[in-house]
Amino acid sequence: MTAQTGNAVPKAEKLSDLFSLKGKVVVVTGASGPRGMGIEAARGCAEMGANVAITYASRKEGAEKNVAELEKEYGVKAKCYKLQIDDYSDCQRLVSDVIKDFGKIDAFIANAGATANGGLLDDSKEEWDRVVQTDLSGTAYCAKAVGPHFKERGTGSFVITASMSGHIANYPQEQTSYNVAKAGCIHMARSLANEWRGFARVNSISPGYIDTGLSDFIDQKTQDLWNSMIPLNRPGNAKELKGAYVYLVSDASSYTTGADIVIDGGYTCR
C-alpha cells in the first residue's frame with residue numbers, strides 16, 4: 001500500500017486494506033514483558049503485516065524472546081533496542097538506529113512508563129521526579145526525537161499510552177505523580193495533534209486496570225475493590241487493547257487525531 005502524506009484521504013476502499021500495515025515500520029517502546037500492553041501492541045501490528053522495533057529498559061532477554069516470537073509467528077522483521085527513555089539523547093539514538101536498520105519509521109507507540117509507589121506526601125522528591133520524568137518527559141523526548149522524521153517524510157502516526165488515571169484519581173491507592181503525568185500525556189497528544197497537523201497524526205489510549213502481571217502483588221481485597229468499581233467487573237486483558245493500537249497506526253484512522261480512546265471496562269463512566 002502507498003503511504004499517505006499529511007492529512008490526505010487514503011486511496012484504499014476496503015476495510016482490510018485500510019487496517020493493513022504491510023510494508024510499514026512501527027516502533028513500540030516498553031515491550032519486553034510477555035503479556036504487557038507493549039508486546040500486545042507489537043503483536044497486533046505484526047499480525048497486520050508491520051515490521052516492528054521494540055525497546056526494553058533492562059529486560060534484554062525478555063525483549064529478545066519477544067522478537068523471536070514476532071518473527072516466527074508473523075513472518076515480519078523485528079528487532080529490539082535498549083532505551084533509557086528519560087535520556088533525550090538515547091531517544092534520538094533509538095530513532096537513528098531504527099531508521100538505519102529498517103529504512104524509515106511510519107508509526108511510533110510511546111508505551112514505556114513507570115508506576116508510582118505512593119502519594120505526594122509519602123513519596124520522596126526523587127520518586128516524583130522518576131515517575132514524571134519517565135511517563136511524561138520520556139514520552140515527550142520520544143516525540144521530539146521522531147517528529148523531525150515524520151515531518152521530513154510528510155507522514156506519521158504517534159500514539160501515546162496514557163491511562164484512565166489521567167481522567168480520574170484512583171482509589172484506594174495514592175499515586176498523584178502517575179495521575180498527573182498521564183493527564184499530561186493526554187493533553188500532549190492533543191497539543192501535538194495541533195502542532196503536527198500538516199504532517200502527522202497524534203492520539204492517545206487510556207487503559208483502565210489491565211492484567212499484565214504487574215499488579216499481582218496487590219492484595220486480593222484491593223483487587224476486588226477495583227473490580228467492584230468497574231461496570232464489567234473485571235480487569236482487562238492486554239490483548240483487548242491491540243485493536244485500538246492497530247487502528248491508530250493504520251490508515252483506518254486517517255481522520256482521527258487529537259483523540260484519547262478510553263478502554264477501561266466502563267470505570268470512568270461512573
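1. Which residues of H2 are buried? In this predicted model, the buried residues of H2 are Gly-38, Ile-39, Glu-40, Ala-41, Ala-42, Arg-43, Gly-44, Cys-45 and Ala-46, so that the helix, which runs over residues 37–47, is mostly covered, with nine of its eleven residues buried under the cut-off of 20% relative accessible area. The elements against which these buried residues pack are S1, strand S2 (51–56), H3, S4 and H8. Just after H2, Gly-49 takes a positive phi of about 105°.

2. On the nonpolar interior, the largest core has 33 residues, and those with the most contacts inside it are Val-98, Phe-108, Phe-150, Phe-158 and Trp-196. Two or more residues of this core come from each of strand S1 (25–28), helix H4 (88–102), strand S4 (107–110), helix H5 (125–153), S5 and H6, and H6 gives the most, with six residues. A second, separate core holds 31 residues, including Val-26, Val-28, Ala-50 and Ile-205. As general background, nonpolar side chains in soluble globular proteins tend to be buried together.

3. Phe-158 deserves a paragraph of its own, since a list of its neighbours is available. When residues up to four places away in sequence are not counted, Phe-158 touches Phe-108, Ala-110, Thr-139, Cys-142, Ala-143, Val-146, Phe-150, Trp-196, Arg-201, Val-202 and Asn-203. Phe-158 also belongs to one aromatic cluster together with Phe-108, Phe-150, Trp-196 and Phe-199.

4. A search of the whole structure finds eight aromatic pairs, and two of them are described here. Phe-19 and Tyr-247 form a tilted pair, with 6.3 Å from centre to centre and 45° between the planes; this pair links distant parts of the chain, with Phe-19 in helix H1 (residues 15–19) and Tyr-247 in helix H8 (residues 242–249), 228 residues apart. Phe-19 is partly exposed because its relative accessible area is 23%, and Tyr-247 is likewise partly exposed because its value is 25%. Tyr-209 and Trp-226, on the other hand, form a stacked pair, with 4.3 Å from centre to centre and 10° between the planes. Here too the pair links distant parts of the chain, 17 residues apart, with Tyr-209 in the loop between strand S6 (201–207) and strand S7 (210–211) and Trp-226 in helix H7. Tyr-209 counts as buried because its relative accessibility is 14%, and Trp-226 counts as buried because its relative accessibility is 9%.

5. Two features of the backbone should be checked by eye. Most residues other than glycine have a negative phi, and most peptide bonds are trans. A cis peptide bond joins Tyr-171 and Pro-172, with omega about 10°, and Pro-172 is found in the loop between strand S5 (157–161) and helix H6 (176–195). Asn-233, a residue other than glycine, has a positive phi near 60° and lies in the loop between helix H7 (220–228) and strand S8 (236–237). Asn-233 counts as exposed because its relative accessibility is 52%, which is over the cut-off of 50%.

6. On open space in the model, the second largest pocket has a volume of about 240 Å³. Of the 13 residues that line this pocket, the closest to its centre are Asn-7, Arg-201, Ser-254, Tyr-255 and Thr-257, and by class the lining divides into six nonpolar, five polar and two charged residues. Arg-201 is also one of the residues that Phe-158 touches.

7. On enclosed space, the count comes to two cavities of 30 Å³ or more, and the second largest cavity has a volume of about 50 Å³. The residues that line the second largest cavity are Gly-118, Gly-119, Leu-120, Asp-123, Ser-124, Glu-127, Trp-128, Thr-176 and Ser-177, with H5 and H6 each supplying at least two of them. By class, this lining has two nonpolar, five polar and two charged residues.

8. A last point concerns Glu-61, which is found in helix H3 (residues 60–74). Is this residue buried or exposed? Glu-61 is exposed, because its relative accessible area is 68%. The C-alpha atoms of Glu-61 and Asp-260 are separated by 33 Å, and the two residues lie 199 residues apart along the chain.

Technical notes
Residues numbered from 1 in each chain as written. Predicted model: local features only at pLDDT ≥ 70, side-chain atom pairs only at ≥ 80, totals over all residues. Heavy atoms only, no water. 1 Å grid on protein atoms, 1.4 Å probe; cavity = no way out; pocket = protein on both sides within 12 Å on 5 of 7 lines; lining within 4 Å. Points joined across faces, edges and corners; volume = space filled by probe spheres on them. Nonpolar A, V, L, I, M, F, W, Y, C, P; charged D, E, K, R; others polar. Helix = DSSP H or I, 4+ residues; strand = E, 2+ residues; numbered from the N terminus. Buried < 20%, exposed > 50% of the residue type's maximum accessible area, 1.4 Å probe, protein only. Core = buried A, V, L, I, M, F, W, Y, C linked by side-chain atoms within 4.5 Å. Contact = heavy atoms within 4.5 Å. Phe/Tyr/Trp six-rings, centres within 6.5 Å; stacked < 30°, edge-to-face > 60°.
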